[in-house]
Structures are given as C-alpha cells and as structure tokens.
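Subject: The structure you asked for

Hi there,

Here is the structure for you to open alongside this email. My notes on what turned up in it follow below.

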Amino acid sequence: MNKKTIVMAALCAVVSTASAQLEKGKLLIGGNIGHSTMKYNLGNANWKLKRQTIAPTIGYFINDHLAIGTTLRISHSKNTEQYYVTQQTNYDLLPFVRYYVNISTDFKFFGEFGVAAGNGKIKGINFSEGAPYPYISKTKNYGAYLAPGLAFLPAKRWSVNLQFNLLNYQRNQVKNSYNTENQTAVWTNSFNFGFSTISPSIGVNFHL
C-alpha cells in the first residue's frame with residue numbers, strides 16, 4: 001500500500017468520524033456558558049449591567065445535520081444605577097431547531113431557531129428618596145430568537161460551539177409583589193436585530 005493510499009484512507013476516516021457525530025439518530029448533550037457586561041447612559045444616570053448565564057442542552061438528530069432539542073437557561077444579572085441596585089434571576093425553557101452546514105472537516109456553521117418561556121424574580125433597593133427602600137418583583141417572559149454559530153469538532157464525539165444571539169424578540173411581564181393590596185403587572189415588548197444584540201457564548205457538546 002503506497003503513501004497516497006494511506007493518506008486518502010486516513011482523510012476518509014477523519015471525515016467519516018466528524019460526519020457521524022451529526023448523523024440521524026445521534027444525541028448531543030452539553031450546554032453553554034455566557035458572561036456579558038454593558039454600560040449605557042440614560043439622561044443623567046449611568047447604568048451598568050452584568051449578566052452570567054448557564055444553559056445545559058440536550059438534542060436529537062432527526063436527520064443528518066438537523067437536530068431538535070431543548071435548553072434550560074439559568075441567568076443572573078445585576079443592574080447598578082445612581083439610585084437603584086437590582087438583581088434578577090431567571091429560569092427559561094428554550095425548545096430549538098438547529099441545522100449544521102459544512103465549512104471543512106473540523107468546522108461547521110449552524111443556525112439555531114428557538115422559542116423561550118420562563119419566569120424569575122427581581123430583588124432591588126431604591127435609594128432615590130434617601131432611606132433604602134427594598135422591593136421584590138416577579139417576572140414572566142416569552143420570546144423567540146435566531147442564533148447562528150460555529151462548531152469545532154476536535155475529536156470523536158466532541159464539539160465546541162461559539163454562538164451569537166443575532167435576533168431576539170421578548171415579551172416580558174413585571175409584577176410588583178411588595179404591595180399585596182395594589183399589585184401591578186406591566187407588560188413590555190422588545191425586538192433586537194443586528195450587531196447590537198450579539199453576546200457570544202461558548203458551549204461544549206458530547207455526541208452519542
């Protein structure tokens with residue numbers, strides 16, 4: 001057997017191994033972690049927002065390169081302003097559809113579309129009237145998103161993802177719970193598209 005034959009056989013084996021991870025009937029188990037910091041000005045106030053996210057994922061390939069699954073996203077954020085400090089914790093369930101496209105043997109591009117539903121709690125302190133005024137609010141949210149990404153397949157059964165939240169729609173409810181006699185529920189809608197929404201997250205998946 002000459003050298004060219006050996007090289008070709010090795011390349012075919014690598015391609016088959018990488019492709020097998022994305023075949024119909026395979027499972028993927030993994031998740032993402034994310035961290036973002038944002039500063040912005042609103043009138044005379046300066047705001048600073050920090051957010052950490054962990055999101056375990058499970059998926060199933062219903063066809064070659066096409067997977068469906070769900071993610072449980074747990075996030076915590078802290079918003080600091082001159083007269084307010086708030087901390088928010090959210091729990092969201094995100095069913096998704098993901099499709100992979102070949103770039104090379106080890107690299108794949110994928111697009112992911114999903115919907116989201118969840119709830120959470122906000123704990124805050126208001127300093128605007130002098131003495132600290134603590135309060136608690138409950139939240140509900142619904143939405144949809146489009147998140148492209150890159151997958152690197154360094155070894156059999158493993159992939160590493162770099163993902164970006166490119167398009168995002170959310171409908172949020174905040175219900176004040178510090179006044180049981182006069183609770184108020186406020187709904188807001190937000191739609192973001194483009195580079196201003198990009199907050200990368202890194203994930204590792206194991207393929208079965």
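Let me begin at the surface. Strand β7 supplies 3 residues to a nonpolar patch, the largest share from any element. Please keep in mind throughout that this is a predicted model.

**The nonpolar patch**

The patch covers about 1000 Å². Its members are Y99, V101, I103, F107, F109, L150, F152, W158, V160, L162, I202 and V204. Five strands each put in at least two residues: β4 (84–102), β5 (107–126), β6 (133–155), β7 (158–163) and β10 (201–207). If you would like one residue to look at there, try V101, which lies in strand β4. V101 has a relative accessible area of 39%, so it counts as partly exposed.

**The chain as a whole**

To place that patch, it helps to step back. The secondary structure comes to 1 helix and 10 strands. Reading from the N terminus, the helix comes first and the strands follow it. The chain has 208 residues, of which 29% count as buried. About 12800 Å² of the chain is exposed, and carbon and sulfur atoms supply 62% of that area. As for contacts between residues at least 6 apart in sequence, 59% of them join residues at least 24 apart.

**An aromatic cluster**

Now for the rings. How many aromatic pairs are there in the model? The count comes to 4. One of them is F61 with Y100, a tilted pair with 5.9 Å from centre to centre and 35 degrees between the planes. This pair links distant parts of the chain, since F61 is in strand β2 (residues 45–63) and Y100 is in strand β4, 39 residues apart. Are these two rings buried or exposed? F61 has a relative accessible area of 0% and is therefore buried. Y100 is buried too, with a relative accessible area of 1%.

Y100 also pairs with F110, and that pair is tilted as well: the centres are 5.5 Å apart and the planes are at 50 degrees. Y100 belongs to strand β4 and F110 to strand β5, so this pair ties together parts that are 10 residues apart in sequence. Taken together, F61, Y100 and F110 form one aromatic cluster.

**A closer look at F110**

F110 is worth a stop of its own. It lies in strand β5, and its relative accessibility of 0% is why it counts as buried. Leaving aside residues up to four places away in sequence, F110 touches R98, Y99, Y100, A147, P148, G149, L150, A151, N161 and Q163. With Y99, the C-alpha to C-alpha distance is 5.3 Å, while the two residues are 11 apart in sequence. You have met Y99 already, as a member of the nonpolar patch. R98 has its charged end sitting over the ring of F110, 4.7 Å from the ring centre.

**Salt bridges**

That brings me to the charged side chains. Which residue does R98 form a salt bridge with? The partner is E112, and the closest N and O atoms are 2.7 Å apart. R98 is in strand β4 and E112 in strand β5, 14 residues apart, which makes this another link between distant parts of the chain. Both R98 and E112 are buried.

The model has 2 salt bridges by count. The side chains of D92 and R73 also meet in one, at 3.6 Å from N to O. D92 is in strand β4 and R73 in strand β3 (residues 66–80), so to speak two distant parts of the chain, 19 residues apart. D92 and R73 are both buried.

**One spot in a loop**

Last, have a look at L166, found in the loop between β7 and β8 (167–176). With a relative accessible area of 25%, L166 is partly exposed. L166 and P200 are 34 residues apart in sequence, yet their C-alpha atoms are 9.6 Å apart in space.

If you want a short route through the model, I would start with V101 in strand β4, go on to the cluster of F61, Y100 and F110, and then follow R98 from the ring of F110 to its salt bridge with E112.

Best wishes

How values were computed. Residues numbered from 1 in each chain as written. Predicted model: local features only at pLDDT ≥ 70, side-chain atom pairs only at ≥ 80, totals over all residues. Heavy atoms only, no water. Patch = residues over 30% accessible without salt bridge, like charges linked within 9 Å, V, L, I, M, F, W, Y side chains within 5 Å. Areas by Shrake-Rupley, 256 points an atom, 1.4 Å probe, with all protein chains shown as cover. Salt bridge = Lys/Arg side-chain N within 4 Å of Asp/Glu carboxyl O. Helix = DSSP H or I, 4+ residues; strand = E, 2+ residues; numbered from the N terminus. Buried < 20%, exposed > 50% of the residue type's maximum accessible area, 1.4 Å probe, protein only. Phe/Tyr/Trp six-rings, centres within 6.5 Å; stacked < 30°, edge-to-face > 60°. Lys NZ or Arg CZ within 6 Å of the ring centre and 35° of its normal. Contact = heavy atoms within 4.5 Å.
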